[in-house]
Every structure is written in structure tokens, then in C-alpha cells.
Amino acid sequence: MGILILGLLGSTVLGILWYLVFCVHRFGLLQRLKARRPVLSWLIAIGCVSLLGLFALYNIPTLLIVVVHLALAFLLTNLIGRIAKRCKRPLSADLCGAAAIALTAVYLGIGCFFAFHIFETDYTLTTEKPLARDLRIVEIADSHLGITLNGARFTAEMQRIDALEPDLVVVVGDFVDDDSDRDDMLAACRALGSLKTTYGVYFVFGNHDTGYFSGRDFSTDDLMNALNENHVTVLRDESVLLDDSVYLIGRRDRSMPDRRSASELMADLDPSRYCIFLDHQPNDYENEAAAGADLVLSGHTHGGHIFPAGQIGLLIGANDALYGLSQRGGTTFLVTSGISGWAIPIKTGTFSEFVVIDLSSTASEA
């Protein structure tokens, strides 16, 4: 089955590349050359498309995204050209081709900006349960160190967060990736440790943190040691009580074996206290709401990352939500698009962010 899928994928990519060669070959200069040197004209077209291979220097997923978007842009402009021809307002192949290249460059360029520029997204929440004090919570997820954030850039973002005077910082999974660098990981852990908070910094694992392909130069134990040395608390199906009023429950990732259920994690906790779940993947909403969670913080979806991947994920039931706030019963769910993302330094379906949540109690006002 795996060989069949790879074969189909390879055939599809080759077909898209050949379509791009055909589109480039339609440019007027190559059409004029074709009349005298047909083989040379095709070789030049192939050479032009081969230049896209430079994107593979970043990584293969980025190359595929550029190739697919360029092919879609050519399809669109060629369709417009056919419609214009039928309306007796013909557009030249040069104009259609130039428009396709420009459209791709602008669209993916904007996507690159939204991947590298990190926004601050603010939410204000209230609860009827008593709190010892108002809480400012900062949520970080999906840094995937090495894609758009190295250790230095991550440190700069933590300095931005530190200036917000958070009471609590939570790192909700996919802090590192399969090809993250040890030096970047250590620098990022030191940056987390430098944050000045009231209640500390807490961490839960995502599906990438333990690594899929063991291609990086540090182990999961190295990551754990670096977090511990910088006073970052790792929660693995564990809870802590903050200021005798807020439970913070960190769940093992859905990809990990022997993950405890939401009801098991809540079984011995006082339901009168406010309860925050940290769960990397947003796909256990029904059980978390039934268990009595007040707030569930997740990442994983990257807010869609490349449109329309996120919407497809919702349609096939991979996730319960894609981005932002939602409510089920008495439980508030929040999914962040993440401070970075996996593999592709482009976001066409969302933007990079960290989340600031100001939580207050209406009970304390009564």
C-alpha cells in the first residue's frame, strides 16, 4: 500500500511538473525559438521549471507547495485566457503566464509574511468560579524550532511575552520538530526559563516533540533535561493546583500510548475550582466537556496553515475545531494557530501568533 501511494504521489508530481513545462513553453520567446530549434525550446522550458528545485534547499514540502500553487495559478490564468478568447477579447500567452507567476509570488509572499511575523492575539474570559486573583495566561504552541524560529528569534519572542507580565505561560506541544537543532532547543529552553511569571511555565508534549524519524541531534531525554534545568514543569497526564483556586491539567498527546481519559484526570479534583486542560490536539472535546473542564487550550492545527488543508481536516473529523474560541456546555475551547508551523515557512490559511488570555471571576465581583 505504501509503495502504491508513493507511486501515485510521484506520478502526480511529475504530471504537474510537465504541465508547468508546457505552460512555460507557451511564452512567445520560446514559441518563436520552437520554429527554428524545437528541441532547444523544450530544453529551455524544462530548465526554467527545474529552477524551482532551488526551493528544495529549504525542504521538499516547501518545494511541493510552490509547485502546486504555481500550477494552480497557471490553470486559473489559462482558463481566464480561454474565456477571454471566446468573448473575442484574446489575451496573449505571455500576459497569462506573467500573471500566473506574479499571482503565485504575491500570494506565497504574503503567506511567508504571515508565517514569519508573529501576532499577539488577546482574549478576555470570565468564570463564575472563584479565583484567588485575575490571571493573565500566555499560550504558545507549535514552535517547531528551525522552521521560522531559531533559538535567537524564539528568545526575542519570549522577551515580548515577558513584557506582558504573564501570571502563567503554557507551552502546548510541538515545541521542537524532527530536524530541530540542539543549540536552538537549548536556547529556547533558556528563554522559557528566563520568563518572570507568578505561577511558572508549564509544558505538554505534542506529536512532534518525541520525533518521528530520529533525525535530530538530541534525544527526548535531552529535551526533558533542558526543560527541567530551566524550571519548566512538564505535565504528562498530571495536574497542579495554582494558588488553591485553579487546576492546570497537562495531557499526554493523543499519539502517545496509555493516555488517561479526561474523566480519569478529573476524578479526584474539586469541581468547584477552575480547571484548565492543556491538550495539544483539539479532538477530544466531547469527553473533556463531559469531564467538567472549564477551559481547554490546544494547538496542532496551525489554524489551517496551507488553505484548504485545515478545512479538509475538519470535514474528515481529524479535529474538533480549527482555530479560535468555541463553547460546548460549560467548557470553553481555544485553539491557537501557533507561533510557527511544521516544515513550510508559508501560511496561506492563517497567521502565526501567541495567545494572551485575561481570565477574571465574576464571583469575586459579587
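Axes are lines fitted to C-alpha atoms, for helices over the stretch in contact, and angles between N-to-C directions run from 0 to 180 degrees. The exercises below concern a predicted model.

**Exercise 1.** Determine how helices α2 and α3 are arranged and which residues join them.

*Solution.* Step 1: the helices are located, α2 at residues 28-36 and α3 at residues 38-50. Step 2: their axes come within 6 Å and cross at roughly 150°. Step 3: the contact is listed from both sides, with Leu30, Leu33, Lys34 and Arg36 of α2 meeting Pro38, Leu40, Ser41, Ile44 and Ala45 of α3. Step 4: sorted by class, the residues of this contact comprise 6 nonpolar, 1 polar and 2 charged.

**Exercise 2.** Identify the members of the nonpolar surface patch and the element that supplies its largest share.

*Solution.* Step 1: the patch is made up of Trp18, Val39, Leu40, Leu43, Ile44 and Ile46. Step 2: together these residues have about 550 Å² of accessible area. Step 3: the largest share, 5 residues, comes from α3; Leu43 is found in that helix.

**Exercise 3.** Describe the open sheet that contains β1 and explain why its edge strands each have a side without a neighbour.

*Solution.* Step 1: the 6 strands follow the order β1-β12-β2-β3-β4-β5, and their pairing is mixed. Step 2: β1 (118-127) and β5 (232-234) are at the edges with a single partner strand each, so one side of each has no neighbour in the sheet. Step 3: disregarding direction, neighbouring strands are turned by 25° against each other on average. Step 4: within the sheet, β2 (residues 135-140) and β12 (residues 352-361) pair antiparallel over 5 bridges, and Ile137 stands opposite Ile357 in β12.

**Exercise 4.** Place helix α8 relative to the strands and trace the salt bridge of Asp222.

*Solution.* Step 1: α8 (residues 220-229) lies across β4 (201-204) and β5, running at about 135° to β5. Step 2: Asp222 forms a salt bridge with Arg182, with the closest N and O atoms 3.3 Å apart; the cut-off for such a pair is 4 Å. Step 3: Asp222 belongs to α8 and Arg182 to α7 (residues 182-193), so placed that the pair links distant parts of the chain, 40 residues apart. Step 4: the whole structure holds 13 salt bridges.

**Exercise 5.** Give the strand order of the open sheet that contains β6, and the bridge partner of Val240.

*Solution.* Step 1: the order of the 6 strands is β6-β7-β8-β9-β11-β10, with mixed pairing. Step 2: the twist averages 20° from one strand to the next. Step 3: β6 and β7 (residues 246-250) run antiparallel, joined by 5 bridges. Step 4: the bridge partner of Val240 is Leu248 in β7.

Key
Residues numbered from 1 in each chain as written. Predicted model: local features only at pLDDT ≥ 70, side-chain atom pairs only at ≥ 80, totals over all residues. Heavy atoms only, no water. Helix = DSSP H or I, 4+ residues; strand = E, 2+ residues; numbered from the N terminus. Contact = heavy atoms within 4.5 Å. Nonpolar A, V, L, I, M, F, W, Y, C, P; charged D, E, K, R; others polar. Patch = residues over 30% accessible without salt bridge, like charges linked within 9 Å, V, L, I, M, F, W, Y side chains within 5 Å. Areas by Shrake-Rupley, 256 points an atom, 1.4 Å probe, with all protein chains shown as cover. Salt bridge = Lys/Arg side-chain N within 4 Å of Asp/Glu carboxyl O. Pairing = 2+ DSSP bridges.
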